[in-house]
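Me: I would like to learn how to read a few features of a protein model. Please take me through them one by one.
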Amino acid sequence: MPLLILSLLSEVSCREMGTLIVENKALFNVELANERSTREQGLMFRESLAECHGMWFDFAETKLVSMWMKNTPMSLDIVFVNETLVVTHLIESTVPYSLALLKSEVPVRYALELASGVVHLYNISIGDRIIIGKERGNDRDKFYKYSESAMCAQLKTK
């Protein structure tokens, strides 16, 4: 039995990570769910998710997407994103453990799961652009104030 527990912990802690910027709003550290197995697992069984963290789902093709909250004890916000990395639909404050289907409404290539309330907190909205990867030392840096300890950023106020 201890080997199984160690294996599960290892799988969670060794997931591939990346960063996403919701243009002019915030930067998030995300786990990448690029494989069928990681997409199916999603954030199930997680008790909490930091405000500046999330999970980025790549469905490998553009299609109508349905998700659910089975075995997910926390409420989430879901941001659906098309192939050109534009937010097309939002679902806020999902119901933990619900088996109800949460649909993208239009075909999408990606989805971003965040802690409940984060969409409102950072004013994420339909039409926002997603930038994949944190590129330092370029023109984007003058627009973002990075908090290295939290791996989170908000637009600098002028």
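Reply: Start with a definition. A salt bridge is a side-chain nitrogen of Lys or Arg within 4 Å of a carboxyl oxygen of Asp or Glu. Keep two points about the source in mind. This is a predicted model, where local features need pLDDT of at least 70, side-chain atom pairs count only at pLDDT 80 or more, and totals for chains, interfaces and linings use all residues. Residues are numbered from 1 along each chain as its sequence is written, and side-chain values use heavy atoms, with hydrogens and water left out.

Me: How many salt bridges does the structure hold?
Reply: Side chains of opposite charge can pair when their charged atoms come close. Here there are four salt bridges. One of them joins Asp 128 to Lys 25, with the closest N and O atoms 2.8 Å apart. Asp 128 sits in the loop between α3 and β9, and Lys 25 in the loop between β1 (17-22) and β2 (26-33), so this pair ties together parts 103 residues apart in sequence. Helices (H or I, at least four residues) and strands (E, at least two) are DSSP runs, numbered from the N terminus.

Me: Is Asp 128 buried or exposed?
Reply: Use relative accessible area: buried is under 20%, exposed is over 50%, and partly exposed is in between (1.4 Å probe, protein chains only). Asp 128 has 11% and counts as buried. Lys 25, at 16%, is buried too.

Me: Which residue forms a salt bridge with Glu 31?
Reply: Arg 46 does, with the closest N and O atoms 2.9 Å apart. Glu 31 lies in strand β2 and Arg 46 in the loop between α2 and β3, so the pair ties together parts 15 residues apart in sequence. Glu 31 is buried at 10%. Arg 46 counts as buried at 16%.

Me: Where do Glu 40 and Arg 36 lie?
Reply: Both are in helix α2, four residues apart, about one turn of the helix. Their side chains meet in a salt bridge (2.8 Å, N to O). Arg 36 is exposed, at 61% relative accessible area.

Me: Now the empty space. What volume does the largest pocket have?
Reply: Rolling a probe the size of a water molecule over the atoms shows where empty space is left. On a 1 Å grid over the protein atoms alone, a pocket is an open set of points where a 1.4 Å probe fits, with protein on both sides within 12 Å along at least five of seven lines; lining residues have an atom within 4 Å of a point. Grid points are joined across faces, edges and corners, and the volume is the space filled by probe spheres set on them. The largest pocket has about 400 Å³. Of its 19 lining residues, Arg 39, Glu 40, Phe 59, Ser 66 and Met 67 are the closest to its centre.

Me: Which element gives the most to that lining?
Reply: α2 does, with four residues. Elements that each supply at least two are α2 (36-41), β3 (53-63) and β4 (66-67).

Me: What about backbone angles? Where is Tyr 97?
Reply: Tyr 97 is in the loop between β6 (87-91) and β7 (102-103). Its phi is near 65 degrees, a positive value in a residue other than glycine. Asn 123 also has a positive phi, near 55 degrees. Asn 123 sits in the loop between α3 (118-121) and β9 (130-132). Asn 123 is exposed, at 52%.
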